[in-house]
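Biologist: I would like a close look at one part of this protein. Please take me through the last helix and how it sits with the rest.

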Amino acid sequence: MKLEQWLDEWINRYVRHRVKRHTLISYTAICRNHILPALGGLELEELDARCLQAFVLELLERGNLHTGGGLSSSTVNGIISVLRLALREAVALGL
(Lines give C-alpha, C1' and ligand atoms only; values in the text may rest on other atoms or scores of the structure.)
Protein backbone atom coordinates (compact mmCIF):
# COMPACT_ATOMS: atom_id res chain seq x y z
CA MET A 1 0.00 0.00 0.00
CA LYS A 2 1.27 3.46 -0.84
CA LEU A 3 1.66 6.01 1.92
CA GLU A 4 -0.84 8.26 0.12
CA GLN A 5 -3.52 5.57 0.35
CA TRP A 6 -2.71 4.82 3.97
CA LEU A 7 -2.82 8.48 5.07
CA ASP A 8 -6.24 8.90 3.45
CA GLU A 9 -7.53 5.79 5.21
CA TRP A 10 -5.86 6.76 8.49
CA ILE A 11 -7.38 10.26 8.50
CA ASN A 12 -10.86 9.04 7.58
CA ARG A 13 -11.07 5.86 9.67
CA TYR A 14 -8.80 6.38 12.64
CA VAL A 15 -8.35 10.11 13.21
CA ARG A 16 -11.62 11.76 12.19
CA HIS A 17 -13.60 10.36 15.13
CA ARG A 18 -10.85 10.59 17.77
CA VAL A 19 -9.73 14.21 17.62
CA LYS A 20 -11.22 17.68 17.73
CA ARG A 21 -12.11 19.41 14.49
CA HIS A 22 -9.13 21.78 14.63
CA THR A 23 -6.72 18.86 15.07
CA LEU A 24 -8.28 17.04 12.13
CA ILE A 25 -7.87 20.12 9.94
CA SER A 26 -4.27 20.50 11.06
CA TYR A 27 -3.38 16.83 10.43
CA THR A 28 -5.04 16.93 7.02
CA ALA A 29 -3.14 20.08 6.03
CA ILE A 30 0.17 18.62 7.21
CA CYS A 31 -0.43 15.49 5.15
CA ARG A 32 -1.57 17.39 2.05
CA ASN A 33 1.06 20.14 2.13
CA HIS A 34 4.18 18.36 3.36
CA ILE A 35 4.02 14.58 3.65
CA LEU A 36 2.18 13.59 0.49
CA PRO A 37 4.20 15.69 -1.99
CA ALA A 38 7.45 14.24 -0.70
CA LEU A 39 6.56 10.69 0.33
CA GLY A 40 3.01 9.92 -0.81
CA GLY A 41 4.04 7.85 -3.82
CA LEU A 42 6.18 5.47 -1.79
CA GLU A 43 5.03 2.08 -0.63
CA LEU A 44 4.89 1.76 3.16
CA GLU A 45 7.66 -0.84 2.99
CA GLU A 46 9.93 1.66 1.23
CA LEU A 47 9.93 4.07 4.17
CA ASP A 48 13.18 3.61 6.06
CA ALA A 49 15.44 5.70 8.28
CA ARG A 50 17.44 7.07 5.34
CA CYS A 51 14.33 8.13 3.43
CA LEU A 52 12.80 9.78 6.49
CA GLN A 53 16.02 11.57 7.40
CA ALA A 54 16.23 12.99 3.87
CA PHE A 55 12.62 14.17 4.26
CA VAL A 56 13.44 15.92 7.55
CA LEU A 57 16.49 17.62 6.05
CA GLU A 58 14.45 18.78 3.06
CA LEU A 59 11.86 20.31 5.38
CA LEU A 60 14.55 22.08 7.40
CA GLU A 61 16.26 23.43 4.29
CA ARG A 62 13.43 24.08 1.81
CA GLY A 63 10.12 23.10 3.40
CA ASN A 64 8.46 26.51 3.56
CA LEU A 65 5.80 26.49 0.87
CA HIS A 66 5.67 30.30 0.64
CA THR A 67 9.33 31.32 0.70
CA GLY A 68 11.14 28.15 -0.31
CA GLY A 69 13.29 28.49 2.79
CA GLY A 70 13.53 26.11 5.68
CA LEU A 71 10.90 25.39 8.29
CA SER A 72 11.54 25.83 11.99
CA SER A 73 12.49 22.77 13.99
CA SER A 74 9.22 22.98 15.93
CA THR A 75 7.20 22.94 12.70
CA VAL A 76 9.22 20.00 11.41
CA ASN A 77 8.66 18.21 14.73
CA GLY A 78 4.90 18.67 14.26
CA ILE A 79 5.05 17.19 10.77
CA ILE A 80 7.10 14.25 11.98
CA SER A 81 4.68 13.69 14.87
CA VAL A 82 1.76 13.31 12.45
CA LEU A 83 3.77 10.94 10.26
CA ARG A 84 4.85 8.95 13.32
CA LEU A 85 1.23 8.56 14.51
CA ALA A 86 0.12 7.35 11.09
CA LEU A 87 3.00 4.89 10.76
CA ARG A 88 2.52 3.51 14.27
CA GLU A 89 -1.09 2.75 13.41
CA ALA A 90 0.01 1.08 10.17
CA VAL A 91 2.49 -1.11 12.07
CA ALA A 92 -0.13 -1.99 14.69
CA LEU A 93 -2.44 -3.13 11.87
CA GLY A 94 0.29 -5.18 10.23
CA LEU A 95 0.50 -3.02 7.14
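Modeller: Here is a walk from the whole chain down to helix α4 and some of its residues. Keep in mind that this is a predicted model.

Start with the layout. The protein chain has four helices and zero strands. From the N terminus on, the order is α-α-α-α. The C-alpha trace spans about 35 × 30 × 20 Å along its principal axes. How does the radius of gyration compare with that of a compact globule? For 95 residues, such a globule would have a value near 12 Å. The protein chain has 13 Å, so the two agree.

Contacts tell us how the chain comes together. Take contacts between residues at least 6 apart in sequence: 61% of them join residues at least 24 apart. Buried residues make up 34% of the 95 residues.

Now for the interior. The largest nonpolar core has 28 residues. Those with the most contacts inside it are Leu3, Trp6, Trp10, Ile35 and Phe55. Two or more residues come from each of α1 (3-15), α2 (21-39), α3 (49-62) and α4. Which helix gives the largest share? That is α4, with eight residues.

Phe55 shows what such packing looks like. Leave out residues up to four places away in sequence. Phe55 then touches His34, Ile35, Ala38 and Leu39, and also Ile79, Ile80 and Leu83.

Next, helix α4 itself, which covers residues 73-92. Two of its residues make a useful pair: Glu89 and Thr75. Is Glu89 buried or exposed? Its relative accessible area is 17%, and buried means under 20%, so Glu89 counts as buried. What does Glu89 contact, beyond its neighbours within four places in sequence? The partners are Trp6, Trp10, Tyr14 and Arg18. Trp6 and Trp10 appeared before, among the residues with the most contacts inside the core.

Thr75 has another setting. Its relative accessibility is 35%. Partly exposed lies between 20% and 50%, so Thr75 falls in that class. Thr75 and Asn33 are 42 residues apart in sequence. In space, their C-alpha atoms are 13 Å apart.

Finish on the outside. The accessible surface of the protein chain comes to about 6,000 Å². Carbon and sulfur atoms account for 53% of that surface. The chain also has 11 positive and 10 negative side chains. The centres of these two sets lie 10 Å apart.

Notes
Residues numbered from 1 in each chain as written. Predicted model: local features only at pLDDT ≥ 70, side-chain atom pairs only at ≥ 80, totals over all residues. Heavy atoms only, no water. Buried < 20%, exposed > 50% of the residue type's maximum accessible area, 1.4 Å probe, protein only. Contact = heavy atoms within 4.5 Å. Core = buried A, V, L, I, M, F, W, Y, C linked by side-chain atoms within 4.5 Å. Rg over C-alpha atoms; globule rule 2.2 N^0.38 Å. Areas by Shrake-Rupley, 256 points an atom, 1.4 Å probe, with all protein chains shown as cover. Lys, Arg positive; Asp, Glu negative; His and termini not counted. Charge placed at Lys NZ, Arg CZ, Asp CG, Glu CD.
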